[in-house]
Structure formats: C-alpha cells, structure tokens
Amino acid sequence: TLREAGNRLGRSAHALQTVSPLSTLERGYAIVSTAVNGHIVRDVATLKPGDVLTTRIAHGSFESQVTGIKQND
C-alpha cells in the first residue's frame, strides 16, 4: 500500500511539473509584462512605441522598449 501511494505521488508530481509555468519557460517560451504595472501583455493593441516591457525567461528576465507594433494579418 505504501509503495502504491508513493507511485501515485510520483505520477502526480510529474503531472504537475509538466503543466508548471516554469517548465513552459524552460521550453523556450517567455512571459511579457509591462514594466510600469506588471500587466501581462496578451495583445499588441495594448502597447505603444516607447512602452517598457519586462520579459521573463527560464533563467532570468530583461527589460526592453517597444520601437514598433506589427499586427497579425
């Protein structure tokens, strides 16, 4: 019974790791937010040239400034 519970715990931990936002960052994705208020950027329509953004990646973060906007066609 104890071994079964340990196996279930291991599978559950693996499932949580798979959907973790940190695991997503490890796969090369990034989380972009506005530097002023920390709102997550989901649409370029909310941005304007000159806005400062914070980009979080797997091993740190950096700031950048919007120099232009391109809408998807």
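This is a guided tour of one predicted chain, moving from the whole fold to single residues.

Before selecting anything, note that the model is predicted, that local features need pLDDT of at least 70, that side-chain atom pairs count only at pLDDT 80 or more, and that totals for chains, interfaces and linings use all residues. Residues are numbered from 1 along each chain as its sequence is written, and side-chain values use heavy atoms, with hydrogens and water left out.

**The whole chain**

Start with the full chain in cartoon view, where 2 helices and 3 strands appear, following the pattern α-α-β-β-β along the sequence; helices (H or I, at least four residues) and strands (E, at least two) are DSSP runs, numbered from the N terminus. Along the principal axes, the C-alpha atoms fill a box of roughly 60 × 30 × 20 Å. The radius of gyration is 18 Å, whereas a compact globule of 73 residues would have one near 11 Å; this radius is taken over C-alpha atoms, and the globule rule is 2.2 Å times the number of residues to the power 0.38.

Switch to a surface view: the accessible surface comes to about 6,200 Å², with 55% of it belonging to carbon and sulfur atoms, as computed by the Shrake-Rupley method with a 1.4 Å probe, where for residues only the protein chains shown count as cover. Of the 73 residues, 14% count as buried, a term that means under 20% relative accessible area, with exposed meaning over 50% and partly exposed in between (1.4 Å probe, protein chains only).

**Helix H1**

Select helix H1, residues 2-19, and within it Ala-5, which is partly exposed with a relative accessible area of 31%. Then add Ser-64 to the selection: the two residues are 59 apart in sequence, and their C-alpha atoms lie 47 Å apart in space.

**The three strands**

Next, select S1 (residues 31-34) together with S2 (residues 52-57), which pair in the antiparallel sense over 4 bridges; two strands pair if DSSP finds at least two bridges between them. Adding S3 (residues 60-65) shows a further antiparallel pairing, in which 6 bridges join S2 to S3, and these two strands form a hairpin with 2 residues between them. Along this hairpin, Thr-54 stands opposite Glu-63 and Arg-56 stands opposite Ser-61. Colouring S3 by accessibility shows that the number of buried residues among its 6 is 0, so the strand lies largely in the open.

**Thr-55 in S2**

Centre the view on Thr-55, which is found in strand S2 and has Val-32 opposite it. At 10% relative accessibility, Thr-55 counts as buried. Not counting residues up to four places away in sequence, Thr-55 touches Ala-30, Ile-31, Val-32, Gly-60, Ser-61, Phe-62 and Ser-64, where contact means heavy atoms within 4.5 Å.

**Ala-35, after S1**

Finally, select Ala-35, which lies in the loop between S1 and S2 and, at 33% relative accessibility, counts as partly exposed. Leaving aside neighbours within four places in sequence, Ala-35 is in contact with Val-52, Leu-53, Thr-54 and Glu-63. A distance drawn between the C-alpha atoms of Ala-35 and Val-52, which are 17 residues apart along the chain, reads 5.6 Å.
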